[in-house]
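The following paragraphs lead the reader through selected aromatic contacts and one region of strand pairing. Please keep the sequence and the structure in view while reading.

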Amino acid sequence: MARSRIVWLIAGLLFGFSAIALRLTWLQGFQWHEYAAREETHRCPLRYLPAPRGHILARAGEVLAQDLPQHFFVYTLGGIDDVGRVAAQIARAIRAWDGGLARDFPAALLEESLDRLRGLYRERLGSGVSIPPHPWISELEPPLAHHLARWLKKLPSYGRVPGISVAVDQEGGTIWIEPDVLYAGEAGTRRIERRLALPAGSLFGGAPPARGAPTGIAARLSRARALTDRDARQRALDMKRDLLLELPAALRPGAIPFDLVADVVSHPERYPGIRVRESLRREYRRTEAIGNLVGFVEPVARRVEAEEERAEAAAAQGAEAAAAALIILDERRGGSRDLPRLRDLYTFRDLRGEGYLWGDYIGARGVEAAFEARLHGIAGAVQQELDAFEVPVGVPRDGEAPIPGQDVTLSIDLAFSEYLHGVFAEQGVVAGSMLVGVPETGEIFAWITVPGYDPATLHRDWERFEAIRHLSPLLNRPAQAELPPGSTIKVVFALGALDAGVIERGTPYTCNGVYDPRFPTQLRCNNHNARLPLTLEVSEALARSCNCFFYHLGGKRLGSDRIRGILAGYGFGAPTGIELVGERAGILPAAWPELAAIGQGRFAATPLQLFRFFCALANRGAAPVPSILVAERRADAERLDFGEDSIEAVIAGMVEAVEYGTASDSAIGLHDFACAAKTGTAEWTSNGATSNLAWIAGFAPVKAPEIVFVVEVEHTSLHGGDAAGPIAARALEWLEAERGYRFDSERRSDAR
Amino acid sequence: MNRFLLQSIGRLPFLTLIIALFALLAIGCLFVHSTTGGSAQGFPSPTAERHLIRVAIGLAVFVFLVGVRYRTLEEWALPLYGFGIALLCALFAVKLGGGGGKPSSWFELPGFALQPAELMKLFTILLLARALKPTLRAANAGEHLRPLLITGIPALLIAAQPDLGTALAFPPVLLAMLWVGGASTKRVASYAGAGVACALLVLCAALFADVGLRGYQKNRILAFFDRKAPEYAMNEAYQPNQSLIAIGSGGLFGKGLGQGPQNVRNRLPEKHNDFIFGIIGEEWGLAGTILVTMLFAMLYLSCAGIAYRTREPFGRLVAIGITVQLASQTLMNLAIATGLAPVTGITLPFISFGGSSLLTSLASIGIVLGIGLHRIPFLAPLENPRRHEQLVIYPARVGR
Ligand SMILES: [Zn+2]
């Protein structure tokens, strides 16, 4: 019987060892890859290399935006300040002592005491003078002191509590602290403060309790420690943050001296929790002339936050979250655990083109946003072995170089733009915009927005912008301002009516100054006050911008439906298709055909739509999609359905406008050029005050047009020709002088 | 021919035991060297050198015990047991007497840390075997009181040190010896059931009412169930996690002796001691771990085989006790290293760096081998097998 029981025991032994063998086979034979990856990521984490964004260049190669390298410091709260962990460890040890009194001993008490003590040493930390050890808790009961001393001695190397020691004697025990070691993280930040000549405490913060709440890192620390959810607390302590965010604005990007960077890199033990990161900074050319076109970038982090807020708001309203979230390659954010965490090179290779790094920038507005896909490069990464201090060892083992973004060359003539921006300022324009471009291709070489911003100084200008908020300084006016087009739209209706055979060249109409006696102030004409009543046909009506002619045309001959048809046929009410994002469609008029015919009422168009229409007119039919790129996307010009005769009649009207009509005043200066133009003045009520919105749009020279211009001036007391005309004239002048255009040759030869 | 074959098979346990034992000792020396900063060139690292000296001392004890007639051990069982209990009590006296920050589970001897608990395991088995021998067929619980006390006293003293891991080695030994000693299966099973129930009770009390276990013991158990919790990740769960990573990343053939990153970068605490198996897994891979597991199985099967062949009750019981004790310690250590059990500080016999443990293990195996070699003819009257106890005669050294 005993022998059979021994056989059973042997069977039991065999079973036990087989179980272990199976487990080993599972771990090492089947889960090998997973554990190998874990081991490798411990040892050789991926270091991400941001890709430089492409340059944004102006027509002549001037760099408008480029990426420059910069160094900055990142820190983790948990790495910079160990006091919380030390206090928690000691509290655990006290709780583990079965003396009976300490089952619920709180760590917060110790932490507070250690935080108060650091106030004593604040001035000396990081100054290079060593601080002698200091008794912290004395008169401990001997058994507890013994327990703590034993505990301290037995601590494994990975769980050490630096800067703490216990001394035991007859009376009891004392816990000593070594401030230099215990507060090493703060000492590191103090060292940085000294090197940067910052006021003491500006980085770490931590005002003594008497002087109110702590600031800076200390404030973040106390907030993180106050979190009751342990996952959230750990995340807050582990999260990498940008130390520059704690710095005063004057010491922003690139200001860190290289020797300090070198010191932090080569002596990581002196700066616990602080690491150097190299990143790229977007540098903009300092100019306000085309800031709204170039736009600016924003940190990916901000975009993600905004996206999350939007998703939350949508969820609150019960709606489905619409857009796909950005993929962040290097971090897994707290809430969204489904985002991939690319910790190994293989996955990184597959997915790097589809996401952003946490420190990346993303185009927020203007060209930066419109050409995001082209400008944004593809991040690289190297697998770098790190030692216990997270300091790189040797050369990176393997990796992928970042692929820089592609450059974007704009068709913008920078010198011309800066000149025009100056002209706007000279004319005292508070708000307005201007487009100048080539009719044949739709290529725009001047894109002015006033008020504009300088992307290089944008972050400092917010206060100034606050004061002019009613002028919408961030609006990219040519594409985004929806404005009543005023009399410039008369060209559209004249052409439409002629084309449709509603009127003909020579069809007369007599203007009495008032169109409908029932509305003497709304439907009147005072554009040719000196000559009333006046009988005119379509060309002269355009030249003199007679309202009554067009009231009649719109109200009696065309009607609302046909007005909408003409506008839609000429591209109004829809975006032109320029490369920019956020282009507006304008508003087509629904009622009041009389008012719509002179570009007033509930009717809005963007300067870009007018630009496209006048390009078509200059081309005698071909309407290219406006573009801000050099020599791309040509030959796809849509042909608008213009009759030859109708076009010539309309152009004649515009030429006459310059010769004797609304744009003929010598103060305007257009008279000297062989150009065709149409002025416009829309009455505008904003903020309770009525002002004029002045327009001029046209092209030059008349016969083979080389440029098309659209100028729009808001908040002026002048009429279209007087406010916008001089700007157009100065533009033509400059182009003749600097770029070799000849707009005046015909007229001057006539004069001779 | 047939006779020769039978003889060979009869000698097989001794052969396998010796092979397995020396192979394990050699692997132990290699990995103590590898885990204590040893380089490929200079073989014994300072720690490995100390380990080698201990192996040598242990082998001397082993050889000595192989030569000793184990009847002598039976006579010495009680004094040895008393000596062990005295040592344990002395430790307590030192602890209660307020000996400062001295650790409480070993005596600091010159060049050697004596752990009475390790010796006590062997002494208890010897006395237990002696106590169980005359009661092979004992049926009532009263007869089991003595074995229970013999095991319970040292186990409680050790558990109070506190060294729960070592104390837990006693119950399985007692149960196995009782069972092989002849107690009814039902009774042994009920003891085992009671023991498990007690353990569960203690566990529940600790987890839900916060009494009984110490904080770190409780945390180790909690960490076993939630290894990824941030609260334990850098504390109680750190070692088992690192051990799993070391073993898992070793793959089929490992990274080579002294080449394991977890080893070189000191990621695995206690890697030369309780967690040495993790480094074997990392550096020798599945091949190495299966080899070591098979060597252990071979060693303990040989021991059990010796117990099987031994008809003399004391020798058989001692052999079974030692086999079960060493095997359960080994299995427990391997289970901890592979993440199948919560952490308790126990060493891997014959491989871990260690003084008392290595010495005791080698001494134990020496005794088992001695039992096998000193075959005492056991003349059981075939006509009345039920009464063989009274008819046993023990002639000295017959048949050698
Ligand atoms: Zn009129």
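Is A:Tyr453 buried or exposed? The model is a predicted one, and in it A:Tyr453 has 0% relative accessibility, so this residue counts as buried. The cut-off behind that statement is a relative accessible area under 20%.

The surroundings of this tyrosine can be approached through the aromatic rings. Over all chains, the count of aromatic pairs comes to 17. One of them is formed by A:Tyr453 and A:Phe465, whose ring centres are 6.5 Å apart and whose planes make an angle of 65°, an edge-to-face arrangement. The two partners belong to distant parts of the chain: A:Tyr453 lies in the loop between β15 (444–450) and α18 (462–467) of chain A, whereas A:Phe465 is in helix α18 of chain A, and 12 residues separate them. A:Phe465 has a relative accessible area of 4% and is therefore buried.

A further pair consists of A:Tyr515 and A:Tyr551; here the geometry is tilted, with 5.4 Å from centre to centre and 45° between the planes. A:Tyr515 is located in the loop between β16 (509–511) and β17 (534–536) of chain A, while A:Tyr551 belongs to helix α22 (residues 547–569) of chain A, so the contact ties together parts that lie 36 residues apart in sequence. Both A:Tyr515 and A:Tyr551 are buried.

Ring contacts also extend to a cluster, in which ring pairs link A:Phe416, A:Tyr419, A:Phe445 and A:Trp734. A contact of another kind involves a charged residue: A:Arg191 is placed over the face of A:Tyr271, at 5.6 Å from the ring centre.

The discussion now turns to the strands. Where does strand β22 of chain A stand with respect to the rest of the structure? This strand spans residues 707–716, and nine of its 10 residues are buried, so β22 is largely enclosed by the rest of the structure.

Its pairing with other strands adds detail to that picture. Strand β14 (residues 431–437) of chain A runs antiparallel to β22(A), and seven bridges join the two. Within this pairing, A:Val710 of β22(A) has A:Leu435 opposite to it. Strand β21 (residues 689–700) of chain A is likewise antiparallel to β22(A), to which eight bridges join it. There, A:Ala694 stands opposite A:Val713 of β22(A). The connection between β21(A) and β22(A) is a hairpin through six residues. When inspecting such strands, it is useful to recall that the side chains of a regular strand alternate between the two faces of the sheet.

How values were computed:
Residues are numbered from 1 along each chain as its sequence is written. Chains are lettered from A and ligands numbered from 1 in the order in which they are written. This is a predicted model: local features need pLDDT of at least 70, side-chain atom pairs count only at pLDDT 80 or more; totals for chains, interfaces and linings use all residues. Side-chain values use heavy atoms; hydrogens and water are left out. Rings of Phe, Tyr and Trp (its six-membered ring) pair if their centres lie within 6.5 Å; planes under 30 degrees apart count as stacked, over 60 as edge-to-face and the rest as tilted. Helices (H or I, at least four residues) and strands (E, at least two) are DSSP runs, numbered from the N terminus. Buried means under 20% relative accessible area, exposed over 50%, partly exposed in between (1.4 Å probe, protein chains only). A charge sits over a ring if NZ of Lys or CZ of Arg is within 6 Å of the ring centre and within 35 degrees of the ring normal. Two strands pair if DSSP finds at least two bridges between them.
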